[in-house]
Amino acid sequence: MKTECGVLCKISKQNILSKDFIESLEKIQHRGQDACGIAFYKNKKIECIKSKGKVQPVFENYSTIYSKCFIGHTRYTTSGNNTKASEGIQPIEVSDTCYFVFNGNILSEDEIRTILEDKKTTSLDTYKISGFLKYNNFD
């Protein structure tokens, strides 16, 4: 079965309990079971938790976090090396005030690579986007 990563976002004027967000993320886990991650705003900063593995074991000790904004990602490896624990696991940090999740492929890879000052060699589109955002001061 061919599939792509799962992406989830919840924003509310009221606090959201991480347990509820994690349960929602678990419902889209069929879209990617290689790794998962969440980012959320807490105490005037963005915090991020991510790891290889399925949603429930990764987040079993993080059910009591409150935030008004969560983003999450379940990874289905289509590029990069699945044996590297941290590469490709999202959310991706652009700066201490900006994280993002992404599901797709960039077709203009060579053009973006030539624009970037920091020419990291990676096959992962998420890192290309991160570099492009940093280069253009989108944080």
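Is cysteine 5 buried or exposed, and at what relative accessibility? Cysteine 5 counts as buried because its relative accessibility is 11%. Keep in mind as you read that this is a predicted model.

**The cysteines**

Let us stay with cysteines for a moment. A disulfide is a covalent bond between the sulfur atoms of two cysteines. How many disulfides does the model contain? The count comes to 0. Take cysteine 69, which is in no disulfide: its nearest cysteine sulfur belongs to cysteine 9 and is 5.1 Å away. A pair of sulfur atoms has to lie within 2.5 Å to be counted as a disulfide, so this pair does not qualify. Cysteine 69 has a relative accessibility of 28%, and therefore counts as partly exposed.

**The whole protein**

Now step back and look at the full chain. The protein has 4 helices and 6 strands. Starting from the N terminus, you meet them in the order β-α-β-β-α-β-β-β-α-α. There are 139 residues, and 39% of them count as buried. The accessible surface is about 8,500 Å², with 48% of that belonging to carbon and sulfur atoms. If you take the contacts between residues at least 6 apart in sequence, 66% of them join residues at least 24 apart.

**The sheet**

Next, find the open sheet of 4 strands. Strands of a sheet pair through backbone hydrogen bonds, either parallel or antiparallel. Here the pairing is antiparallel, and the strand order is β1-β4-β2-β3. At the edges are β1 and β3 (45–52), each of which pairs on one side only. From one strand to the next, the twist averages 15°.

The table lists how the strands are joined.

| Strand pair | Sense | Bridges |
|---|---|---|
| β1 and β4 | antiparallel | 8 bridges |
| β2 and β3 | antiparallel | 8 bridges |
| β2 and β4 | antiparallel | 6 bridges |

Some individual partners are worth finding in the structure. Lysine 10 has phenylalanine 70, in β4, as its bridge partner. Cysteine 36 can be followed in two directions: serine 51 in β3 stands opposite it, and threonine 74 is its bridge partner in β4.

Strand β2 is mostly covered, with 6 of its 8 residues buried. Together, β2 and β3 make a hairpin with 2 residues between them. In that turn, asparagine 43 has a positive phi of about 55°.

**The helix on the sheet**

Helix α1 packs on this sheet, where it touches β1, β2 and β4. The direction of α1 makes about 160° with that of β1. Which residues of α1 are buried? They are Ser18, Phe21, Ile22, Ser24 and Leu25. Looking down the axis of α1, you would find these buried residues within an arc of 160°, so they line one face of the helix. What do they pack against? Their partners are β1 (6–17), β2 (35–42), α2 (55–59) and β4 (66–75).

Finally, zoom in on serine 18, which lies in α1 (residues 18–27). Serine 18 counts as buried because its relative accessibility is 0%. Leaving aside residues up to four places away in sequence, serine 18 touches Tyr62, Ser63, Thr64, Ile65 and Phe70. Phenylalanine 70 is a name you have already met, as the bridge partner of lysine 10.

How values were computed. Residues numbered from 1 in each chain as written. Predicted model: local features only at pLDDT ≥ 70, side-chain atom pairs only at ≥ 80, totals over all residues. Heavy atoms only, no water. Buried < 20%, exposed > 50% of the residue type's maximum accessible area, 1.4 Å probe, protein only. Contact = heavy atoms within 4.5 Å. Arc of directions from axis to C-beta. Pairing = 2+ DSSP bridges. Axes fitted to C-alpha atoms, helices over the stretch in contact; angles between N-to-C directions. Areas by Shrake-Rupley, 256 points an atom, 1.4 Å probe, with all protein chains shown as cover.
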